[in-house]
Structures are given as structure tokens and as C-alpha cells.
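Welcome, and please open your viewer. Let's take a short walk through the model, one selection at a time.

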Amino acid sequence: MAGTILVLNGPNLNLLGEREPAIYGTATLADIEARCRAEAAAQGCTLEFRQTNAEHEMVAWIQAARTGHAGIVINPAAFSYAGYPVLDALKLVDCPVIEVHLSNIHRRDEAWRKNSIITQAVTAIVSGLGADGYVLAVRHLASR
Ligand code: DQA
């Protein structure tokens with residue numbers, strides 16, 4: 001739908017709240033969705049919010065959104081590191097895409113976490129602001 005912001009979440013983000021809270025915080029994905037919906041409503045935009053653990057589903061969602069959307073916010077989670085089908089799908093979309101990570105991936109202990117392959121296909125990246133990163137991304141896309 002034109003004017004709609006799509007917020008996409010990758011694997012294991014369904015377990016936010018109980019998943020490594022020292023890194024990812026205590027907010028659940030439902031909490032983050034509520035904050036995104038409130039921000040979109042305040043800006044007069046519609047918003048769709050989804051999560052999947054399946055790469056083919058993420059690819060299908062991105063393909064379906066390749067035209068007619070106001071923007072996409074994506075936390076690719078572990079698809080950031082080997083999700084080449086997700087990367088190729090993002091290259092098809094004609095709206096701005098903001099990559100969001102709750103944690104600062106450049107400050108994480110594991111070297112492999114620092115380099116998201118997805119970043120080369122997105123407009124901007126927000127990493128390390130927790131749930132605020134989602135809200136800021138929605139606000140930016142809504143204001144364009
Ligand atoms: C994450 C960071 C990734 O390294 C990790 O695989 C995730 C979550 C984040 O939001 O900080 O699943 O994308």
C-alpha cells in the first residue's frame with residue numbers, strides 16, 4: 001500500500017525480552033512494534049510489522065514490497081552475515097531502506113558480527129540505539 005512503512009525482523013528476534021537481555025535489552029518485539037505503530041500513527045502513516053525465522057519468507061516479503069511503499073525498516077539479525085538472497089531482494093526495492101540493529105554490531109565481541117553484508121543495499125544504518133533505533137527509522141521514513 002502506498003505510504004505504508006514496512007518493518008521487517010529476522011531470526012530469533014521473536015525471543016527479544018528473554019534473548020541475551022544484557023545485549024538486546026528487555027523490551028519484547030511486541031513492545032517495539034507498539035512503539036513503531038505509535039510513531040507511525042503520530043506521523044499519519046500506516047505500518048506493517050513482521051518477523052520471520054525463515055529466509056525465504058523474508059525474501060518474499062521484500063519482493064512484494066519492491067514498489068509502492070514509503071520505506072522499509074529491516075533488522076536482518078543473523079541474515080546480516082550470510083543472507084545473500086535477502087541482499088539481492090533489497091536491491092530490487094525502489095523505496096528507502098533503513099537497516100536497524102539493537103546492539104552496536106561494530107562493538108560486539110565476535111569479529112563476524114561487525115560486517116553486515118546487507119549494509120551495501122540500504123540507505124542508512126542505525127546500530128546500537130536499542131528500540132529507539134526502530135522509532136527513529138520510522139520517524140525518518142514517515143517524514144520524507
Ligand atoms: C542484531 C545483531 C546481530 O548480530 C544478531 O545476529 C541479531 C540481532 C541486533 O539487533 O543487534 O540477531 O541484529
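The tour goes from the ligand to a histidine and then to a helix.

This is a predicted model, in which local features need pLDDT of at least 70 and side-chain atom pairs count only at pLDDT 80 or more, while totals for chains, interfaces and linings use all residues. Residues are numbered from 1 along each chain as its sequence is written, and side-chain values use heavy atoms, leaving out hydrogens and water.

**Stop 1: the ligand.** Select the residues around the ligand (a heavy atom within 4 Å of it); among them are Asn75, His101, Ser103 and Arg113. Zoom in on Ser103, where an N or O atom of the side chain lies 2.6 Å from a ligand oxygen. For Asn75, the corresponding side-chain distance to a ligand oxygen is 2.9 Å, and for Arg113 it is 2.9 Å. The protein covers 99% of the 320 Å² of accessible area that the ligand has on its own (Shrake-Rupley method, 1.4 Å probe).

**Stop 2: His101.** Now select His101, in strand S4 (residues 97-101; strands are DSSP E runs of at least two residues). Is His101 buried or exposed? His101 is buried, at 4% relative accessible area (buried means under 20%, with a 1.4 Å probe and protein chains only). Its side chain makes a polar contact (here, N or O atoms within 3.5 Å, one able to donate a hydrogen and the other to accept it) with the side chain of Glu99, at 2.6 Å.

**Stop 3: helix H6.** Finally, select residues 131-143, helix H6 (helices are DSSP H or I runs of at least four residues). Its buried residues include Tyr134, Val138 and Leu141. Show strand S1 (4-9) and helix H2 (29-42) too, which are part of what covers the buried residues of H6 (contact means heavy atoms within 4.5 Å).

Definitions and conventions
Buried means under 20% relative accessible area, exposed over 50%, partly exposed in between (1.4 Å probe, protein chains only). The expected span of a helix is 1.5 Å times one less than its number of residues.
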